[in-house]
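Here are a few short exercises to work through with the model open beside you. Try each task before reading its solution.

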Amino acid sequence: MNSVRASNVSRRPRRVSRPRPVQPERNHQERDEDVPADMVAEESGPGAQNSPYQLRRKSLPKRTVCPTKTNMEGASTSTTDNFGHRPKRPRVSGKCQDLPAAPAEQYLQEKLPDEVVLKIFSYLLEQDLCRAACVCKRFSELANDPILWKRLYMEVFEYTRPMMHPEAGKFYQINPEEYEQPNPWKESFQQLYKGAHVKPGFAEHFYSNPARYKGRDNMFYYDTIEDALGGGQEPHFDGLIFVHSGIYTDEWIYIESPITMIGAAPGKVAEKVIIENTRDSTFVFMEGSEDAYVGYMTIRFNPDDKSAQHHNAHHCLEITVNCSPIIDHCIIRSTCTVGSAVCVSGQGACPTIKHCNISDCENVGLYITDHAQGIYEDNEISNNALAGIWVKNHGNPIIRRNHIHHGRDVGVFTFDHGMGYFESCNIHRNRIAGFEVKAYANPTVVRCEIHHGQTGGIYVHEKGRGQFIENKIYANNFAGVWITSNSDPTIRGNAIFNGNQGGVYIFGDGRGLIEGNDIYGNALAGIQIRTNSCPIVRHNKIHDGQHGGIYVHEKGQGVIEENEVYSNTLAGVWVTTGSTPVLRRNRIHSGKQVGVYFYDNGHGVLEDNDIYNHMYSGVQIRTGSNPKIRRNKIWGGQNGGILVYNSGLGFIEDNEIFDNAMAGVWIKTDSNPTLRRNKIHDGRDGGICIFNGGRGLLEENDIFRNAQAGVLISTNSHPVLRKNRIFDGFAAGIEITNHATATLEGNQIFNNRFGGLFLASGVNVTMKDNKIMNNQDAIEKAVSRGQCLYKISSYTSYPMHDFYRCHTCNTTDRNAICVNCIKKCHQGHDVEFIRHDRFFCDCGAGTLSNPCTLAGEPTHDTDTLYDSAPPIESNTLQHN
């Protein structure tokens, strides 16, 4: 990226010899020789549509007398004699006649038709027209005709709409039809009257037509802008300069006084008044130009050799120390590749630049540096080769409502301690990031829209800071916000959505406060934290993502608290590859997969969260992960509460795990977690299910009111259960089967429906100081009563007892028959004892060829399942 250097202008402007404007000689004869006849006829004649006046005659009250030939015959008046007219013959009627005509003054004032008066007035200049308005009420009304003033106005100023100038530094054009006052042309004329006019050939025209300009004592005419700037010593000159249509090239415009310079042209004014330079900065504002104004013109810097090094200090606009001009409604263009279009530099440089178009420049559009400030509002900044705006070296502008787009580089670039306040800007479709912050820069960005960037939305790196508040950041090709390399911004209250990658991406030792944002609909994770980054993430809504909610990997860290993470396609939170975040007081719910997923040595702390209503488990831990999970509420999982598998670890303490569709906690495949002081209750399946080589320490847990066994241990597992209370279950307290073993010490097992402890054939356990008491023993009672065990289990429970096969009925290895059905329904058949284990009776379920005589109506159930249905495991997806 080419550097942009602000020039410190030390030379004073050279003095140019300028002619003193000559005032015309005063005389009493005047004709409007320059007014086109068709304009006058069109706008003042009978066909004028914009005039508010109806054509009329003013008639005097008439007195009638009986006509006598003696009185009227041959009479003449001095008035008619003086005008040189032949006397008219009196009109005579049978009874009366009109009085003689009124004097000429009365006729002009009261009887002359409006169209004739307006025609006469059209030959007057503005001061004479104002004098005529003082004659009488009728002349006052006609002399204020908007069409008369529009003709005069366009002759002097060229504007096709009135340019209002209500106060210093404020100009704007209005539509006459919408203006509240009846004659905006006259009002604007009065506001703009004292000014100098610049146009090639004006001075010659002025000298050649002295009579034409009689009465315009307060107007001055010059051929060049330099001459007009030198006219500041003229009497009656108040610093207002009108630059008329044309191209002004290579004028030396150094402004060091509070002058006002405004373009004057018909139609789109700024496009028709062009000031350009090919050798030096087009405009330079120096100390003393505190209240200067430049507006409604095109300002170009167009060097012949666009890449020459000596142009490095030259710009379209150069605003130096201790000056605060206003630049308004200008078109600013630069073809120089080594200097910005607008350069604001130095202590006290504080311009107001508004309604300008800074586009199509071959370097930076707007460059603010070296403690400069200023207000920049409602500008169009687009298609510049480098950044639309650079802010550097303690520059601290206020930038509001700018449209910054289609840049060939970044939209806004703040670096090297640059600051600034950016509000309500629309920043989009730039080739790199919409907003870049680097090297201790610290901008504030409020209520902006940053979208459709060809890379990211906001990029904060190399110790950048900044506050990004209440912005809309969306539809960017990369992450909505990137934070990296020890940067520490504040991202608060933003909507970050529909990105083609992630929402917020923090990597490479990034930090930051990510607070109160609405992050949704992004193609990758809503927030991604990696490579030793450690942000604070709180009070955000992270939802409806096409990937996961929060993804912490490659030793990512951070404090993630009080967020709501929901309805994401993958896991609500992923923690992997050595990461150690702290997740606290979050609501993680309604996900389409897992709530929180620890895998591949993912660690961290998960505490005081609500994790609920996921399609898979609330929490999954696998492959060496070892998180601390404490004081959470985990419920409503369609695949269980917590699943620990594939050598997963973890400390699971003081949680409440309830109302899950499958087991509250699953431990399988060589996993070895520690569960302490948890309450695992009201599950729609078992409390804790340990199988396929699962281990673990279960200590001081309360396991109650679960639909299946409080603890099921199966298939070569070997946990340690110590000081747990397992009670009020709707099936067995503890069941151990399929060659599993266990160590049971100091447990209390009571008031479970099927019984306290059930051991399948071939199971050996180590037991010490357990209390198994006051269980309902429904299985033992059903056997003793001769009932089919299906009566108490149906197909949803698996009571543990002796089960058999019937060779006569051709039962398979997947069928089981309880002891009472063997005795009653299969009496005399060839039967075989299989083992003591978990089953429900297929005879009672009605799935065998012979009907059960003990169970009643069949349920048409399928084969017996000896273990609870296995949980669904998440597939690990690698996303960088």
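Two strands count as paired if DSSP finds at least two bridges between them. Keep in mind that this is a predicted model.

**Exercise 1. Find which strands pair with strand 40, and which residues stand opposite I529.**

Step 1. Locate strand 40, which covers residues 527-530.
Step 2. Look towards strand 37 (residues 504-507): three bridges join this strand to strand 40, and the two run parallel. The bridge partner of I506 here is I529.
Step 3. Now turn to strand 43 (residues 550-553), which is joined to strand 40 by four bridges, again in a parallel arrangement. In strand 43, the residue opposite I529 is V552.
Step 4. Put together, I529 has I506 as a bridge partner and also stands opposite V552.

**Exercise 2. Sort the side chains of strand 40 by the way they point, and decide whether they are buried or exposed.**

Step 1. Start from the general pattern: side chains in a regular strand alternate between the two faces of the sheet.
Step 2. Check the residues: I527 and I529 point one way, while Q528 and R530 point the other way.
Step 3. Add the burial: all four of these residues are buried.

**Exercise 3. Work out how many disulfides the model has, using C134 and C448 as test cases.**

Step 1. Take the cut-off: the two cysteine sulfur atoms must lie within 2.5 Å.
Step 2. Try C134: the nearest cysteine sulfur belongs to C130 and is 7.5 Å away, and C134 is in no disulfide. C134 is exposed, with a relative accessible area of 67%.
Step 3. Try C448: its closest cysteine sulfur, in C425, is 4.3 Å away, so the pair is too far apart for a bond. C448 is buried, at 1% relative accessible area.
Step 4. The count by this rule is zero disulfides.

**Exercise 4. Describe the surroundings of T320.**

Step 1. Place T320 in the loop between strand 13 (317-319) and strand 14 (326-328).
Step 2. Judge its exposure: T320 has a relative accessible area of 7%, so it is buried.
Step 3. Follow the side chain of T320, which reaches the backbone oxygen of F285 at 2.7 Å.
Step 4. Compare sequence with space: T320 and S345 are 25 residues apart in sequence, and their C-alpha atoms are 5.4 Å apart.

**Exercise 5. Find where the prediction has pLDDT below 50.**

Step 1. Begin with the chain: its average pLDDT is 85, and 83% of the residues score at least 70.
Step 2. Residues 1-101 have a pLDDT below 50, and this stretch has 175 contacts in the model beyond near neighbours in sequence.
Step 3. Residues 876-880 are also below 50, with 19 such contacts.

Methods. Residues numbered from 1 in each chain as written. Predicted model: local features only at pLDDT ≥ 70, side-chain atom pairs only at ≥ 80, totals over all residues. Heavy atoms only, no water. Buried < 20%, exposed > 50% of the residue type's maximum accessible area, 1.4 Å probe, protein only. pLDDT = per-residue confidence, 0-100. Contact = heavy atoms within 4.5 Å. Polar contact = N/O pair within 3.5 Å; in protein donor to acceptor, adjacent residues only side chain to side chain.
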